Amino acid sequence: MGFSRLAHAHLQNYHFPQNPFLSILGHGFGVSTFLKLLPSKKCLASSTITTRPVVRALATQAAIMVKAIRVYEHGGPEVLKWEDVEIGEPKEGEIRVRNKAIGLNFIDVYFRKGVYKPSTMPFTPGTKVGDLVAYAGNPMGSYTEEQILPADVAVPVLPSIEPTVAASIMLKGMTAWFLLHRCFKVEHGHKILVHAAAGGVGSLLCQWANALGATVIGTVSTEEKAAQAKEHGCHHVIIYTQDDFVSIVNKITSGKGVDAVYDSVGKDTFQGSLECLKTRGYMVSFGQSSGTPDPVPLSALAVKSLFLTRPSLMQYTKTRDELLEAAGAVFTNIASGVLQARVNHTYPLSQAAQAHADLENRKTTGSVVLIPDGAAQ
């Protein structure tokens, strides 16, 4: 699409301001965080972000103690511990950042519970977004007041986008981008089914797919969430706690099924999702909030020659060009009004455990943002 290419070019030609207080935005492996570069006795060198940006390390006097969430064992929200941690000095090609807003994503829950394995224990969940640039990908660790991160994962953000919006939408938006444009390319006339249509990623999928000309069917758990899903572009909303979504999808599509299903729920919806697909339909399983789906024999896919994929954002943004394309598409669509982030819940970072509990218990809608304690100071 034209706007994606224009945004891509704009991002590649971006220059860091010659300012030791440079505001930046970072996104990551589970969260998106607004960041601010810390001052030092040496000014950050001005550089152009192209394929491999070159950023000199900031000199600091000594390691600093900051507050952060730490996880020493996998388990429920109670394993999220708020404590003092020490951060070191940035090395060549690194920057130290102060987080201003941190987007909570369900992948944070997966790492906390051990569904996904962190590289080390203990660990700090999350990884990051702000008003000029964002960061996407490893390393994990944005549930903290300050953090060291590689400079070459930073991407510019349009200055018209508010920090909390950017923090809430960075990971979710790029996820929606690759699901709709890479896993199955949604086009005008397609019919798709989106589970958890009022959630963070689900709401963006509905908005974006609607703008692409698709007929969007969404499932939600409550009347309140049904109203929000309609606002987000769902043409048909099914309250799965009251009705059988398989039979209703069958009725909506006159028995033909949908072109693609986007399923982040997992165990509770997986089999029904397969039943909703048309011949040669695409099953895109990108989450498992209700648990890991039961194993599926290949013969089950053969009945309708179905395609099944379990994708990860990190495999679709492996190169810098892919990262810039994804981020550019998200931020440009936010700026144009195609995508709207609904930041319905904010929590102090020290209360991350409560935020996790509310997310898992489906007490939240839209996006959830964690604010480091004292960030407004």
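## Strand S12 and its neighbours

In this predicted model, strand S9, which covers residues 191-194, is joined by three bridges to strand S12, and the two run parallel. Within this pairing, valine 194 stands opposite tyrosine 262 of S12. Strand S12 itself spans residues 258-263, and six of its six residues are buried, so the strand is largely enclosed by the rest of the structure.

S12 is also paired with strand S13, residues 277-285, through five bridges, and these two strands run parallel. Tyrosine 262, which faces valine 194 of S9, has valine 284 as its bridge partner in S13. A further pair is formed by aspartate 263, which stands opposite serine 285 in S13. The connection between the two strands involves helix H7, residues 270-276, and together S12, H7 and S13 make a right-handed β-α-β unit.

## The sheet as a whole

These pairings belong to an open sheet of six strands, arranged in the order S11-S10-S9-S12-S13-S14, with parallel pairing. At the edges lie strand S11, residues 236-239, and strand S14, residues 307-309, each of which pairs on one side only. From one strand to the next, the twist averages 15 degrees.

## Helices against the sheet

Helix H4, made of residues 200-211, packs on the sheet and touches S9, strand S10 (215-220) and S12, while its direction makes about 170 degrees with that of S9. Helix H6, residues 245-252, lies across S9, S10, S11 and S12, and runs at about 160 degrees to S11. Strand S12 is thus named among the contacts of H4 and also among the strands that H6 lies across.

## A pair of packed helices

Two packed helices are described by the angle between their axes and the distance between the axes. For helix H2, residues 106-113, and helix H11, residues 352-360, the packing angle is about 105 degrees and the axes are 10 Å apart. Because angles of 65 to 115 degrees count as roughly perpendicular, H2 is roughly perpendicular to H11.

On the H2 side, the residues that take part are Phe106, Asp108, Val109, Arg112 and Lys113, and they meet His356, Leu359 and Glu360 in H11. Sorted by class, this contact of H2 with H11 has three nonpolar residues, one polar residue and four charged residues.

Terms used:
Residues are numbered from 1 along each chain as its sequence is written. This is a predicted model: local features need pLDDT of at least 70, side-chain atom pairs count only at pLDDT 80 or more; totals for chains, interfaces and linings use all residues. Side-chain values use heavy atoms; hydrogens and water are left out. Axes are lines fitted to C-alpha atoms, for helices over the stretch in contact, and angles run from 0 to 180 degrees between N-to-C directions. Helices (H or I, at least four residues) and strands (E, at least two) are DSSP runs, numbered from the N terminus. Angles under 35 degrees count as roughly parallel, over 145 as roughly antiparallel, 65 to 115 as roughly perpendicular and the rest as oblique. Contact means heavy atoms within 4.5 Å. Ala, Val, Leu, Ile, Met, Phe, Trp, Tyr, Cys and Pro count as nonpolar, Asp, Glu, Lys and Arg as charged, and the others, Gly among them, as polar. Buried means under 20% relative accessible area, exposed over 50%, partly exposed in between (1.4 Å probe, protein chains only). Two strands pair if DSSP finds at least two bridges between them. A crossover is right-handed if, with the strands pointing away from the viewer, the path from the first strand over the helix to the second runs clockwise.
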